[in-house]
Amino acid sequence: MTTDTRHTRLLIGLGVVAVILLAKIFSIQVLDDHYKIDADNNTTVREIIYPTRGVIYDRNGDILVGNKVAYDILVNPRDVQAFDTLALATALDTTVEFIRGKMQEYAKNRRKIGFQSVTMIKQIPAETYNKFAEVQYRFPGFKGQVRGIRDYPINAGGNLLGYVSEVNQAYIDNHPGEYRSGDYAGMTGIEAAREKDLRGEKGYHIFLRNSHNQIEQPYKDGEFDKEAVPGHDIVTTIDAQLQQYGQELMQNKVGAIVAIEPGTGEILALVSSPGIDVSQLADIGKHYEEISKNPYRPMYNRAVQASYPPGSVFKLCNGLIGLEEGVLRPEMMYPCSHGYHFGAGHKLGCHGHKSPINMEESIMMSCNAYYCYVLKNILDNRKFNGDYGEAMDHWHDMVTSFGFGTKLGSDFPNELSGNIPTSKTYNRAYGKGRWNSTTVISLSIGQGEILATPMHLANFCAIVANRGFYYIPHIVKASEGVELDPKYYEKQYTKVSLEHFPKVIKGMWRAVNSGAGMGGTAWIAHVDGLDICGKTGTAQNPRGADNSCFICFAPMDNPKIAIAAYVENGGFGATYAAPMASLMVEKYLTGEVKRPDLEKRMKEANLMSRVKKD
Amino acid sequence: MIGENTHKRGLRQSVDWKLIGVYILLVLIGWVNIYASVHSENPSSIFDWSVRSGKQFVWMLTAFGLAGLILFVIPPRLWETGSIPMYIGVCFLLVAVIFLSRDVKGSHSWFEFGPIKFQPAEISKITTSLLLATVMSRQNFKMSAWKDFFLVAAIIGVPMLIIVAESETGSALVYTGFIFVLYREGFNGWWIALIGLAILLFITTLTLSPYTSVLILVTILTLSNAFRGPRKYFWRRIYLGLGFVAVMAFLPRLWGMLQDSIQAHIDWMQNVTWVPQANESTTYQWAFLLKVKPLYLLLALGFISLPFIGMRAFRLKDGFLGLSVLAFIIGVGLIFSTDFIFQNVLQDHQRSRIEVLLGMKEDLAGVGYNVNQSKIAIGSGGLTGKGFLQGTQTAFGFVPEQSTDFIFCTVGEEWGFLGCLVVILLYVFLIVRIILDAERCRESFNRIYGYCVAACIFMHLFINIGMTVGLMPVIGIPLPLLSYGGSSLWAFTILIFIFVALYRQEKKYF
């Protein structure tokens, strides 16, 4: 081998090595993008600017949920010098152990933290912060950072409004790309339902940092910075005063009150009791355990989530269906001898009242027997040739056209559908053809398999008040930047003709306005000049004393409010539900209550001992 | 002196000005990038003594002075005649520094005189090159003679070992580059191939498996024998060798199936207590097979066939085949000792650097941090770079040692691929120019010394840039002429300019 080829080979080897190096450099510089991204992550740091969350207003422009200033306490561990732990703990309203624990944690993670500040305590109120600010000079490295938190000027809402809290990992995973650790989001109620409107858009400032995490300068003079966009304000349909009044009436009772403006479907009040006090909402983290351990389940929004038997209130529905089907005429008289007797010695009992009575009187006096005849007529209707199943399903369709047994489609989250039975229900229980109208006779008086939420009942009441149609109940009004689903502007008709409604309304008027001793079940709800029309309900409750239920609307002509009150274990409909609903109507329509004794009795009544705890 | 030589070729013709031009260009590029690699709030002048670029400016000026001294003042003959005392003196310094220096990151290699620090290891490259050139240019020197080979190996090995003792393994690695000089002077190229093979086997054993490494060894030996041996045996050797490898590639799976069935049978036997004398069953006689790994089978087959191959080599008088048998035995030995070398001979930080390089371990916060940050810096430069002083990765201190060992990151980040291309081409030009000049020399001392210079620059270039882009493990050696530091810049200046002076000498008189 000659030396010539050797030196050529060495030169070729040199060339090969140079090409290998250049190829590798080319691949990481030109072909591979991820080093550029890594480089940006290395050197830029985004300081998040949190937007102000939208304010929630009531229908009259009063603030239900606002924002107030709170402070996060930040620590830059590198700047901290020896300090008086006890003095700091006192200033921050916390314990010495907490601060020691945090400082140890920072010492352990000091490499990760570098020169950055970390949040030590979140959301301390302004009063506490002021205490700290006075002595802050003694604690280098500690500082406060403003962070808006929710503020509730009026104690109205609670469950209805919902709470805002820091997102957890599961929440972040369920909303890919929308949230990061440390963000806040509405978790329940309106805060959750309108989260997208309320939250606004986060902004950020980009800074360059060095390898020690020290900020060097704004990135490209802030050219790529983005300012935060505040969240949209939400105007609700709630009347704050009415809501608050309803909560006061319902205190120490379990149940719900739902008030709707019949002409629009706007929810005026949505009370669920026991509820969450607004004072707990702002700092839900601190109270969460206490709330979740409460045996009466305050988180549970009974107004839309509790399915109750509606009781006698439902007689109106059966009456309307009977009228529509032509199997009932208002002047038809049926006897009642302390109940309806059927089969071999069976009886569905009733209270003492005159007999026989016509339809109007049956509503006024809430006669059970009358509606047993009505339901029997509906199910035994000749047009179905004795096919109870078909008759039953027809009845079911009629009932559900009132919104019962379905989700109404309101904008309030977690609405439940309740239950209206079909022939399948009974075919499964008794076998096909082995049941008849008497088997299901308790449906006539709103018992048995019928379940409805207070929202359903209020909506039903609004249908009667409107004489035959409803708007889907909703809680948010259209306002600047917030649009409403067009479905909330559409009239929803039932399968009962409009002409039949005035007939039952007359009965409802008489139930309230006949005067004491005349047999009207709801005379206690009477208010001079308001023309309240109502219907009581007393629903049997397998869990204890009967539930008290009442629906009413007023005034009779041109109704402004339709309301449903449901009080668990409250006894007769006239005992608690009727007076409460009546007081609500009076409060809403006149702005003041002229029956202080009744009001006091309602507010002070405590039924909690009757309620079976979960 | 200039006047004396006017009757011969002038300064213009005798000095390789292109070489010097590239040298100056590289030094200037280094200086500018050192300035860019250190970020400060208020950019100071590039000449400011308080920053590194200012200091480097002084090192540059003194290095140019040194270059002039070597080129015009010191008689070039001195390098050959003084090579032995210089070599011994530097070796003495290398040893002394171990005892006299402070511990810098675990290594003892720096002399400190006030603000001035210098590493004898930098100079020993020069003295070793000079002595190598002196010894190898002797009339009776024969590369193929064992005596001469051992002498050369000792000249290279002594400073290398002392430097390893200083815990500067990286610098010691540069000395392996002298093997290219030996190759040029007649050293058998197959030895270099064998060294390459050993490195390959070391890596495959660590990353793949010893079994695969043995198969690779067999494949390479087969192919080299087929191509190098007699033509008529070419296909036979291919069939036999590669056929063996192909069959053996499937052995582990087949063997695993066999072992599974034996194991299943044994499990079954142990549960079936009603079979009398179950323990004496023949199944248990085969149980030993469970302990036999496929690797052992492979080796057994290999070593059984070795005597036959050896016999054949003897009969055909095929020395290469005989050497291959030897290479197989040594190779298997290396494969089996790889684990031992890796776990016991290498130091912890070296082991983890290799693990990270080979992708056996990802450790971006620890050992892998340097390389990862270095790749990010270079990678973020893109095709044309971010522009002078616009780099963020190096200037903000994400890349460690950003003005010394990792200076290439600044080039990559601020000047992009085009900048890297220019710098690497300049180095290639420098090395090629030195080699071509060396080839033109009539005196073998000059030629050999030239090759030594080229080899040193090449090794530094390859190891340093290879390190910054993740092709080589992290080995802390400077990039010649670019990296910050007087000791390194002076050493390379002396190294290169001795050759320039020697070359000038040649041109002047021939």
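In this predicted model, strand β18 of chain A, spanning residues 533-541, runs antiparallel to β19(A), and eight bridges hold the pairing together. Two of the matched positions help to fix the register. A:Gly537 has A:Cys549 as its bridge partner in β19(A), while A:Gly534 sits opposite A:Cys552 of β19(A). Getting from β18(A) to β19(A) takes a hairpin of just two residues.

Strand β19 of chain A (residues 544-554) is mostly covered, with nine of its 11 residues buried. On from there, β19(A) pairs with β20(A), residues 561-567, again in the antiparallel sense, this time over seven bridges. Here A:Phe550 faces A:Ala565 of β20(A). The link between β19(A) and β20(A) is also a hairpin, with six residues in between. A:Asn558 lies in that turn and has a positive phi of about 55°.

Zooming out, these strands belong to an open five-stranded sheet in chain A, ordered β12-β11-β20-β19-β18 and paired antiparallel. The edges are taken by β12 (266-273) and β18 of chain A; each has a single partner strand, so one side of each has no neighbour in the sheet. From one strand to the next, the twist averages 10°. Helix α20(A) packs on this sheet, where it touches β18 and β19 of chain A, and its direction makes about 80° with that of β18(A).

So what does α20(A) itself look like? Helix α20 of chain A covers residues 501-513, and its 13 residues should span 18 Å at 1.5 Å a residue; the C-alpha atoms at its ends are 18 Å apart, which agrees. As for its surroundings, 10 of the 13 residues of α20(A) are buried, so the helix is largely enclosed by the rest of the structure. Among the buried residues are A:Phe501, A:Val504, A:Ile505, A:Met508 and A:Trp509. The buried set also includes A:Arg510 and A:Asn513, along with A:Gly507. The cover over these buried residues comes from several places, including the helices α14 (315-325), α15 (359-365) and α19 (454-465) of chain A. Strands β18 and β19 of chain A contribute to that cover too. After α20(A) comes A:Gly515, with a positive phi near 90°.

For chain A as a whole, the count is 22 helices and 20 strands. Of its 614 residues, 44% count as buried. Much of the contact network links parts that are far apart in sequence: among contacts in chain A with a separation of 6 or more, 71% are between residues 24 or more positions apart.

Chain A also touches chain B, in a contact that takes 27 residues from chain A and 33 residues from chain B. On the chain A side, α1 (3-31) and α2 (34-43) each supply at least two residues. The largest share there is that of α1(A), with 16 residues. By residue type, the chain A side divides into 14 nonpolar, seven polar and six charged residues.

Definitions and conventions:
Residues are numbered from 1 along each chain as its sequence is written. Chains are lettered from A and ligands numbered from 1 in the order in which they are written. This is a predicted model: local features need pLDDT of at least 70, side-chain atom pairs count only at pLDDT 80 or more; totals for chains, interfaces and linings use all residues. Helices (H or I, at least four residues) and strands (E, at least two) are DSSP runs, numbered from the N terminus. A residue is buried if 20 or more other C-beta atoms lie within 10 Å of its own, exposed if 12 or fewer, and partly exposed in between; C-beta atoms are placed from the backbone. Two residues are in contact if their C-beta atoms, placed from the backbone, lie within 7 Å. Two strands pair if DSSP finds at least two bridges between them. Ala, Val, Leu, Ile, Met, Phe, Trp, Tyr, Cys and Pro count as nonpolar, Asp, Glu, Lys and Arg as charged, and the others, Gly among them, as polar. The expected span of a helix is 1.5 Å times one less than its number of residues. Axes are lines fitted to C-alpha atoms, for helices over the stretch in contact, and angles run from 0 to 180 degrees between N-to-C directions.
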